[in-house]
Amino acid sequence: MIPLGIFANDNWLRKDGILAQLRGEYDVQDLGDWRRYDAATLKKQLQSVEVVLLSRAAPRIPADLATDFGRLRYVCYCHGSIKSFLPKQLIEAGLMVTNWGDSVEGIAEGALTLMLCMLKQIVTLNQFAKT
């Protein structure tokens, strides 16, 4: 099994359904206590897994990891921009990283547009329903 480290304090990641799905394919290591790690321990923990799952409450990944990834091959970020916690040197050194990026914006804009369209039609639909 592939070792996967969860470096996040988000409660939704720890729901049984999500963890059960992950445990079917990965050796899940819940490293939510990363805030207590010093820099060397954090680096060692990151190097000990092949996949890292990060969320908003995630540690800043040390830039010196670029010289030795250890087992780490892939970082999956469950939200938007990674700029604030993942140095560009890591990507340039070959670490595979994915995130939601700007695609979330389009979803939010679409949902807001639909909601506004529906609100605009409420008066008309209400009058139609009463007749």
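Student: Which residue in β2 does Leu4 stand opposite?

Tutor: In a sheet, one reads across from a residue to its counterpart on the adjoining strand. In this predicted model, Leu4 stands opposite Val28 in β2. On β3, the bridge partner of Leu4 is Val51.

Student: How many bridges join β1 to β2, and in which sense do the two strands run?

Tutor: Two strands pair if at least two bridges are found between them. β1 and β2 run parallel and are joined by five bridges. Strand β1 (residues 2–7) also pairs with strand β3 (residues 51–54), in the parallel sense, over four bridges. Within that pairing, Phe7 stands opposite Leu54 in β3.

Student: What is the order of the strands in the sheet?

Tutor: The order is read across the sheet, not along the chain. Here the open sheet has five strands, ordered β2-β1-β3-β4-β5, with parallel pairing. Its edge strands, β2 (26–30) and β5 (96–98), each pair on one side only. On average, neighbouring strands of this sheet are turned by 20° against each other, direction ignored.

Student: How many of the six residues of β1 are buried?

Tutor: A residue is called buried when its relative accessible area is under 20%. Five of the six residues of β1 are buried, so this strand is mostly covered.

Student: Is Arg36 buried or exposed?

Tutor: The term exposed applies over 50% relative accessible area. Arg36 has 67% and is therefore exposed. Arg36 lies in the loop between β2 and α2 (39–47).

Student: Which side chain does a polar contact join to that of Arg36?

Tutor: The side chains of Arg36 and Asp33 are joined by a polar contact of 2.7 Å.

Methods: Residues are numbered from 1 along each chain as its sequence is written. This is a predicted model: local features need pLDDT of at least 70, side-chain atom pairs count only at pLDDT 80 or more; totals for chains, interfaces and linings use all residues. Side-chain values use heavy atoms; hydrogens and water are left out. Axes are lines fitted to C-alpha atoms, for helices over the stretch in contact, and angles run from 0 to 180 degrees between N-to-C directions. Buried means under 20% relative accessible area, exposed over 50%, partly exposed in between (1.4 Å probe, protein chains only). A polar contact is a pair of N or O atoms within 3.5 Å; within protein, one must be able to donate a hydrogen and the other to accept it, and residues adjacent in sequence count only if both atoms are side-chain atoms.
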